[in-house]
Amino acid sequence: MSQVLLFTGKGGVGKTTLAAATAASLAAHGRKALVVSTDPAHSLGDALDVRLGASPSEVDTAHGLFACQIDPRGLVDEAWGELRGHLRTVLAGAGVDELDAEELTVLPGVEELLALAEVRRLAVSGPWEVVVVDCGPTAETLRLLSLPEAFAGYLERLFPTHRRVVRGLLAGVAGTGTVEKWDATADALSRLAERLDALRSMLADPSSCSVRLVLTPERVVAAETRRTLTALALQGIRVDSVIANRLVPSPGAARGAAATWLRTRRHEQDAVLAELTGIGEIRTVDHRASEPVGVPALLEVATQLYGDADPLPGPAAVSESMLEVSGSGRGLDARYSLRIALPLADDTELDLARVGDDLALTVDGRRRLVALPSLLRRCIVTGAEMDSGGVTVGFRPDPSLWR
């Protein structure tokens, strides 16, 4: 499988340019590279100065760079249409009006989900060593990356994993004693579940997939970047680097009104970057006098961005688990702590709730169910504390379960 690099950032920060520059640099150094756009704005072709279609095409014969712009609408018609037809049949068998069934099978987010699935297909089946993905703006990308898990949960609740349960459910909905005519639906659901599992595995594997966050040195953008880092960590997705784009060049010792403006603006930008502590190395790219369009100009950007370094991320560092349990004591006197490692800002809004054997963790409006270790499932929560490195939740044994 190809290595996948996902570029995202707040709209207008230059992520498309940097994604294209990275892919061009990889190709120029002898690696087979494909750059793909899942951004609905589809500005990748403008950055490369070529016309792109839904299928990969060679855009730089000198270096062997390929590119394409994924067409989510076409994927919906091709891949989702079959399953929608099966689901309409199931709903009609349950007595749902045909028009209502049509509306119920139009699931929000399916276009984005299929676009992500197409990225994985290209990474698995294509000849490329690296697939660079120009994603949409941050909010859309976070939603996109959470879709496989969300859809998998939706599918599991509607149609449980076990084939016989699915067949029995479909037969019960149909009101008949046979299930043969529902096999196609069950098969289609199984294929969808497999694709979702494959997507979740790809996103959670730091050795094959990582995200690069692009920002401009502005306080509003930097604040969103911090929140994005937390949201991605909550989803278990690796961020391999952060890129600060469009830094105003330093005027040096030059004098005059223009030099003063440049010096003041660069000082403000440096101050913003200095406040982004604890997020690792930040690569920088200067603001250019002319817009970098076309492969030669993009290679110039890549030279400043990476220098002599390899644009590919190094091996994922061996990191501590997101969850760590500590504590001591025996019986009802035992006290435990669950540490959930997450990068958190001072203004992070955090909410915790116990949901069965899970802990519902909501960070700045984004929720994830964290499966509790078996030791803590017979315990109740006693409190929680938050710091910049994560959350520590206290537990003690539940007396009602020790009778």
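Two strands pair if DSSP finds at least two bridges between them. All views below show a predicted model.

**View 1. An open sheet built from strands 11, 12 and 13.** The three strands run in the order 11-12-13, with antiparallel pairing. Strand 11 (350–355) and strand 13 (366–371) stand at the edges. Each has a single partner strand, so one side of each is left without a neighbour in the sheet. On average, neighbouring strands here are turned by 20 degrees against each other, direction ignored.

**View 2. The pairing of strand 11 with strand 12.** Six bridges join strand 11 to strand 12 (residues 358–363) in the antiparallel sense. One of the contacts to look for is at Leu-350, whose bridge partner in strand 12 is Val-363.

**View 3. Arg-238, a buried charge without a salt bridge.** Arg-238 sits in the loop between helix 9 (219–234) and strand 7 (239–247). The nearest side chain of opposite charge is Asp-240, 5.6 Å away. A salt bridge requires the nitrogen and the carboxyl oxygen to lie within 4 Å, so Asp-240 at 5.6 Å does not qualify. The Arg-238 side chain does reach the backbone oxygen of Pro-206, at 3.0 Å.

**View 4. A salt bridge within helix 8 joins Arg-200 and Asp-197.** The N to O distance is 3.7 Å. The two residues are three apart in helix 8 (residues 183–204), which separates them by about one helical turn. Both ends are partly exposed: Arg-200 has a relative accessible area of 36%, and Asp-197 has 41%.

**View 5. Arg-288 and Glu-300 form a salt bridge.** Their closest N and O atoms are 2.7 Å apart. This pair links distant parts of the chain, 12 residues apart. Arg-288 belongs to the loop between strand 8 (282–286) and helix 11 (295–306), while Glu-300 is in helix 11. Arg-288 is partly exposed at 28% relative accessibility. Glu-300 is also partly exposed, at 46%.

**View 6. Arg-339 and Asp-387 meet across two strands.** Their side chains form a salt bridge at 2.8 Å, N to O. Arg-339 lies in strand 10 (residues 335–341) and Asp-387 in strand 14 (residues 379–387), so the pair ties together parts that are 48 residues apart in sequence. Arg-339 is partly exposed, with a relative accessible area of 24%. Asp-387 is partly exposed as well, at 39%.

**View 7. A salt-bridge network of Lys-15, Asp-39 and Asp-134.** Salt bridges that share partners join these three residues into one network. The model's count comes to 13 salt bridges.

Note on methods: Residues are numbered from 1 along each chain as its sequence is written. This is a predicted model: local features need pLDDT of at least 70, side-chain atom pairs count only at pLDDT 80 or more; totals for chains, interfaces and linings use all residues. Side-chain values use heavy atoms; hydrogens and water are left out. Helices (H or I, at least four residues) and strands (E, at least two) are DSSP runs, numbered from the N terminus. Buried means under 20% relative accessible area, exposed over 50%, partly exposed in between (1.4 Å probe, protein chains only). Lys and Arg count as positive and Asp and Glu as negative; His and the chain ends are not counted. A polar contact is a pair of N or O atoms within 3.5 Å; within protein, one must be able to donate a hydrogen and the other to accept it, and residues adjacent in sequence count only if both atoms are side-chain atoms. Axes are lines fitted to C-alpha atoms, for helices over the stretch in contact, and angles run from 0 to 180 degrees between N-to-C directions.
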